[in-house]
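Please walk me through how the helices of this protein pack and where empty space is left inside it.

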Amino acid sequence: MRLSVVAAISHGRVYRRFGLSPRSRLDLLRNLVTALVRHERIETPWARADEMRGYAERLIDYAKRGDKDERAMRMADFWLTEKDLVHKLFKVLAPRFQPHPGSYTRLLQIPNRDGLDRAKMAVIELKGNPLPPLVRPRRDSDKTLLNQLLKGYRQDAQRAAAA
Amino acid sequence: MAVLVLVRSPLPRLRALLQRCWGRLERGLWPGVFGGQSPPWGPAVAVQGPALVPRGWSDAEAPSPLESVLWMAAPKQRRTIEVNRCRRRNPNKLIEIKRNIDVCPECGNLKQKHVLCGYCYAKVKEETRLIRMEIYKKEGGPFNTPTVETVVLYEGEKPTEKDEGKRIIERARKRPSWFVQN
């Protein structure tokens, strides 16, 4: 006879618990996905952003199938509560991400929220959005010792090749 | 004196569970335990009953207060300040020092290594807010998202051939140095 301890141990559970119930969790994530598709960059608690990321990327994968696909249209209809975003999803986001095989979103942590809870916040954005970039890619400065030595080596090699 | 007493299970769920197990037993899922005969009594629960056979109580005197009172732990000696200091200042009680604080290369403020710089993020957030205000003014009302890409142009900039067919959002200022046009 097996008295299961399913409720007490959560080894291997991947989905976090949000809101009042599983349905409420889906509604919460659905609102976040809608906001992301509308504004292309949102700031939210890190846990919600992390959870929502998977759903958003799968929605874009469905959208890449094209809007004639019945399943894709049903998914978009469920996940986007504002129906003008369905058009944006199929006509703007799907062509934008057609060349990419995956990872259409970028998740970055920002300093903790200013309120009493000091919550861990993150900003999640779709790649290729028209807004100003959050992180500038930095190339290593030329003035470091290693780079100066490499530069000298390259110049010596060029001189030896020329002579 | 405590006596082990077999009584009928009072809880219906426990009794149902035990009945299922007994059913499995009888149907032969655990063969060899019984010879297939149904026992004369059903599933039962063994509980520790109260002393049903009190003997020797009438002879003995009433128990003294020292035997019936509940004893609890209490410190015997005052902890000295030296011992207290050792406990309070033990490294596991102190706040751990963070070694992942760096200087942002753009603005020079302090930032954690895995977190975006607060100042730079506030700058970008303000600019995004102003761009979004322009977008709302252009769209007019709610739920008017266009079905084309958007591009943001600053003062004195013309749309390039890559910006064909995109919606143009004008911002009335000079292009900031950290927003590179591509």
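**Helix packing and an internal cavity**

In this predicted model, helix 2 of chain A gives the largest share of the lining of the largest cavity, namely three residues. Helix 1 (22-39) and helix 2 of chain A each provide at least two residues of that lining. The full set of lining residues is L36(A), V37(A), A56(A), L59(A), I60(A), L93(A) and L126(A). By class, the lining of the largest cavity has seven nonpolar residues, no polar and no charged ones.

Rolling a probe the size of a water molecule over the atoms shows where empty space is left. The structure holds one cavity of 30 Å³ or more, and the volume of the largest cavity is about 40 Å³.

Helix 2 also takes part in a helix pair. Two packed helices are described by the angle between their axes and the distance between the axes. Helix 2 (residues 46-64) of chain A packs with helix 3 (residues 70-79) of chain A at an angle of about 145°, and their axes are 9 Å apart. The crossing of helix 2 and helix 3 of chain A is left-handed.

Which residues of helix 2 of chain A meet helix 3 of chain A? From helix 2 they are Y55(A), L59(A) and Y62(A), and their partners in helix 3 are R71(A), A72(A), M75(A), A76(A) and W79(A). Seven residues of this contact between helix 2 and helix 3 of chain A are nonpolar, none is polar and one is charged.

L59(A) links the two parts of this account: L59(A) is among the residues lining the largest cavity, and L59(A) is also one of the helix 2 residues that meet helix 3 of chain A.

Terms used
Residues are numbered from 1 along each chain as its sequence is written. Chains are lettered from A and ligands numbered from 1 in the order in which they are written. This is a predicted model: local features need pLDDT of at least 70, side-chain atom pairs count only at pLDDT 80 or more; totals for chains, interfaces and linings use all residues. Side-chain values use heavy atoms; hydrogens and water are left out. Axes are lines fitted to C-alpha atoms, for helices over the stretch in contact, and angles run from 0 to 180 degrees between N-to-C directions. Helices (H or I, at least four residues) and strands (E, at least two) are DSSP runs, numbered from the N terminus. A crossing is left-handed if the near helix is turned anticlockwise from the far one by less than a right angle, and right-handed if clockwise. Contact means heavy atoms within 4.5 Å. Ala, Val, Leu, Ile, Met, Phe, Trp, Tyr, Cys and Pro count as nonpolar, Asp, Glu, Lys and Arg as charged, and the others, Gly among them, as polar. On a 1 Å grid over the protein atoms alone, a cavity is a set of points where a 1.4 Å probe fits but cannot get out, and a pocket is an open set with protein on both sides within 12 Å along at least five of seven lines; lining residues have an atom within 4 Å of a point. Grid points are joined across faces, edges and corners, and a volume is the space filled by probe spheres set on the points.
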